[in-house]
Amino acid sequence: MKFVCPVPRLKYDQVQMVHGAGGMAMGQLIDDMFLAAFDNPLLRCRDDAAVLPNQWAVSTDCFVVDPIFFPGGNIGTLAIYGTVNDVAVSGATPRYVTAGFILEEGFSMVDLRVIVASMREAADDAGVQIVAGDTKVVPRGKADKIYINTTGLGILQGPALSVHRIRPGDLLIVSGTLGDHGIAVMSQREGLSFETDVTSDCAALFDLVQLAVDQGKGAVHACRDATRGGLVAVLHEFAQASHTFIQLHEAQIPIRESVRGACEMLGIDAMNVANEGKLVLAIAPEGADAVLRAWQSHPLGRQSAIIGEIHDEGVGVVINTRFGTQRVLDLPVGEPLPRIC
Ligand code: MG
């Protein structure tokens with residue numbers, strides 16, 4: 001039987017928080033508003049980075065995380081790693097970043113200095129230079145402390161990885177435990193704070209992508225960092241772009257016990273929670289073992305696992321649960337945790 005997840009069309013007269021939450025509402029806003037107005041072949045590819053003439057790859061991202069400091073990083077760390085990772089998942093080597101700051105009147109200069117120092121540190125770690133920027137200040141109460149926009153440029157050595165290269169038969173590899181970033185941020189959120197040992201996984205993922213490309217020898221088809229919307233959002237992007245059906249195996253999906261516990265308490269699923277240091281790879285089976293071994297011997301990929309495979313009979317995502325049942329993983333209207341990046 002052909003399996004197709006139904007996708008309802010949502011109607012809104014005003015922008016809501018879900019429009020920034022990495023789920024169905026955001027996807028439909030992008031389709032109906034931005035893609036409709038700006039449409040062109042590069043944008044239509046819908047990959048994390050657009051591939052420009054002369055093998056340049058470009059990506060841009062805004063950061064509004066709340067709180068701005070959290071275990072494992074801050075808004076500045078995220079602003080660099082988030083953008084360079086979106087360039088890296090195309091297969092390109094990140095080289096340059098621009099940074100735009102929107103600051104609220106009264107924001108602490110000490111905090112700003114810490115954030116900027118973190119950006120410099122993250123840029124050095126990722127091998128990029130920050131080469132242009134912009135600063136705007138708005139009156140007290142008209143923004144929440146600090147927002148950052150970063151744009152990243154990288155150079156491709158070979159063909160770009162793309163969701164359009166995904167084929168039935170491909171296996172799915174995840175580079176480690178899911179949900180760490182979202183839970184680390186939520187543990188510090190005002191009105192919600194709870195005790196956990198989880199820290200954000202935010203990190204530069206270029207090395208892992210290159211390891212996969214080198215070891216996979218042409219078998220690597222698509223790669224995404226599982227940020228806002230988590231694993232489920234990435235898999236829906238894979239399924240929609242390649243018109244395929246994705247089957248996951250719950251027992252193989254790495255999730256920390258502490259994240260699982262926090263998710264149960266919050267009533268959410270770790271597979272929908274944001275990561276800032278985890279990749280999802282679609283790869284032809286002949287390359288999977290070599291990439292898995294390479295990732296497992298890298299500090300950022302020790303808990304990598306093959307978590308599912310891609311089929312041709314439909315469009316959507318289904319999981320085989322630990323209890324031997326099957327469950328459809330719908331794309332939520334929005335991630336349950338707003339302002340997570
Ligand atoms: Mg991304």
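**A magnesium site, a helix pair and a loop serine**

Let me begin with D225, which counts as buried at a relative accessibility of 4%, and let me say straight away that this value, like everything that follows, comes from a predicted model.

D225 matters for this talk as one of the residues that coordinate the magnesium ion, the donors being OD atoms of D48, D86 and D225 at 2.1 Å. Along the chain, these donors follow the spacing D-x37-D-x138-D. Within that set, D48 and D225 link distant parts of the chain, since D48 sits in the loop between α2 (41-44) and β2 (50-51), while D225 belongs to strand β10 (residues 220-225), 177 residues apart. D48, for its part, is partly exposed, because its relative accessible area of 22% does not fall under 20%, the limit for buried.

Turning to the helices, α6 (residues 206-216) and α9 (residues 285-296) pack at an angle of about 145°, with their axes 8 Å apart, and their crossing is right-handed. On the α6 side the contact is made by L208, L211, A212, Q215 and G216, and on the α9 side by G287, A290, V291, A294 and W295; by class, that gives seven nonpolar residues, three polar ones and no charged ones.

Finally, what surrounds S200, leaving aside residues up to four places away in sequence? S200, found in the loop between α5 (180-186) and α6, touches F70, P71, G72, D180, H181 and A184. With H181, the S200 side chain makes a side-chain polar contact of 2.8 Å, and S200 is itself buried, at a relative accessible area of 8%.

Key: Residues numbered from 1 in each chain as written. Predicted model: local features only at pLDDT ≥ 70, side-chain atom pairs only at ≥ 80, totals over all residues. Heavy atoms only, no water. Donors = N, O, S within 2.8 Å, 3.2 Å for Na, K, Ca; no water. Helix = DSSP H or I, 4+ residues; strand = E, 2+ residues; numbered from the N terminus. Buried < 20%, exposed > 50% of the residue type's maximum accessible area, 1.4 Å probe, protein only. Axes fitted to C-alpha atoms, helices over the stretch in contact; angles between N-to-C directions. Left-handed = near helix turned anticlockwise from the far one by under 90°. Contact = heavy atoms within 4.5 Å. Nonpolar A, V, L, I, M, F, W, Y, C, P; charged D, E, K, R; others polar. Polar contact = N/O pair within 3.5 Å; in protein donor to acceptor, adjacent residues only side chain to side chain.
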